[in-house]
Amino acid sequence: MKIICIGRNYVAHAKELNNPIPEKPVFFMKPDTALLPPHNPFFYPDFSNDVHYEAELVLKINKNGRHIAEKFAHKYYNELSVGIDFTARDLQADCKKKGLPWEIAKAFDFSAPVGNFKSINTFENTSNIPFGLKINGDLRQQGNSSNMIFSFDRIIAYVSQFVTLRSGDLIFTGTPEGVGPAQREDYFELFLADEKVLDFKVK
Ligand code: ZN
């Protein structure tokens, strides 16, 4: 399986990183080795001094497809959760400055913890799904799919023009504002609506 991540999908987050509002989705990928095994802490990597958290809604693809039309895209996922797109912001800034790819900043081991998945049918409307991140009990990020620039269906239609989607693939759909640095000993709790879908410690 593969992990596809959408960048800059919330206006307020694009602004906080001084990025322009995109006209098309921006995407990059993480390998399956980026998943954090269940019940493991996230070990702060020694190659970075500025690892940021980005809390994001995550879709699970349940059918293979390519060149998927936007109007049929909803048939390609039926579960979602919340995950963290850990980003070595110092390495990413260096890559951006040099015009290099971002992989070392985004695709490293355990950089994609994902919570338990819930059926999409538990939500009345896929364009009104709230989620949040607490660190050490404080609410750090709060988002809602209603604020996404590109909807789930638009993302799937766009990405599948270039990359075949397979059952089991995950799509991180972008982070709202409020990203910040993770610290050793932090306790992360991820919420989908009111339900906690994952918790872990940073070591
Ligand atoms: Zn992200």
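What follows is a walk through one protein model, from its overall build down to a few individual residues.

Keep in mind that this is a predicted model, where local features need pLDDT of at least 70, side-chain atom pairs count only at pLDDT 80 or more, and totals for chains, interfaces and linings use all residues. Residues are numbered from 1 along each chain as its sequence is written, and side-chain values use heavy atoms, with hydrogens and water left out.

Let's start with the overall build. The protein has 4 helices and 13 strands, where helices (H or I, at least four residues) and strands (E, at least two) are DSSP runs numbered from the N terminus. The C-alpha trace spans about 45 × 40 × 30 Å along its principal axes. Its radius of gyration is 16 Å, which agrees with the value near 17 Å that a compact globule of 203 residues would have. That radius is taken over C-alpha atoms, and the globule rule is 2.2 Å times the number of residues to the power 0.38.

Now for what is inside and what is outside. Of the 203 residues, 50% count as buried. Here buried means under 20% relative accessible area, exposed means over 50%, and partly exposed is in between (1.4 Å probe, protein chains only). The accessible surface comes to about 9700 Å², and 49% of that belongs to carbon and sulfur atoms. These areas come from the Shrake-Rupley method with a 1.4 Å probe, and for residues only the protein chains shown count as cover.

The contacts tell you how the chain folds back on itself. Taking contact as heavy atoms within 4.5 Å, residues 24 or more positions apart account for 76% of the contacts with a separation of 6 or more. As for charge, the mean positions of the 24 positive and 25 negative charges are 5 Å apart. Lys and Arg count as positive and Asp and Glu as negative, while His and the chain ends are not counted; each charge is placed at NZ of Lys, CZ of Arg, CG of Asp or CD of Glu.

Helix α4 is a good place to zoom in. This helix covers residues 152-159, and 7 of its 8 residues are buried. The buried ones are F152, D153, I155, I156, A157, Y158 and V159. What do they pack against? Their partners are the strands β1 (3-7), β2 (26-30), β4 (55-61), β5 (77-84) and β10 (170-172). I156 also gives you a handle on a loop: its C-alpha is 8.4 Å from that of A69, although the two are 87 residues apart in sequence. A69 itself lies in the loop between β4 and β5 and counts as partly exposed, with 32% relative accessibility.

For another buried spot, head to F200 in strand β13 (residues 195-201). F200 has a relative accessible area of just 5%, so it counts as buried. Leaving aside residues up to four places away in sequence, F200 touches L36, N40, F42, I84, F86, P113, D186, Y187, F188 and L190. Sequence separation isn't the whole story, though: F200 and T173 are 27 residues apart along the chain, and their C-alpha atoms are separated by 21 Å.

E23 makes a nice contrast. It sits in the loop between α1 (11-16) and β2 and, at 76% relative accessibility, counts as exposed. Beyond residues up to four places away in sequence, E23 touches F150 and R154. From E23 to Y187 is 36 Å between C-alpha atoms, with their positions 164 residues apart along the chain.

Next, the backbone. Most residues other than glycine have a negative phi. F110 has a positive one, near 65°, and lies in the loop between α3 (103-106) and β7 (118-119). With a relative accessible area of 34%, F110 is partly exposed. E185 also has a positive phi, near 80°, and is found in the loop between β11 (180-181) and β12 (187-192). At 46% relative accessible area, E185 is partly exposed too.

Finally, the cysteines. A disulfide here is a pair of cysteine sulfur atoms within 2.5 Å, and by this rule the count comes to 0. For C5, the nearest cysteine sulfur is that of C95, 15 Å away. C5 counts as buried because its relative accessibility is 0%, and C95 is buried as well, with a relative accessible area of 6%.
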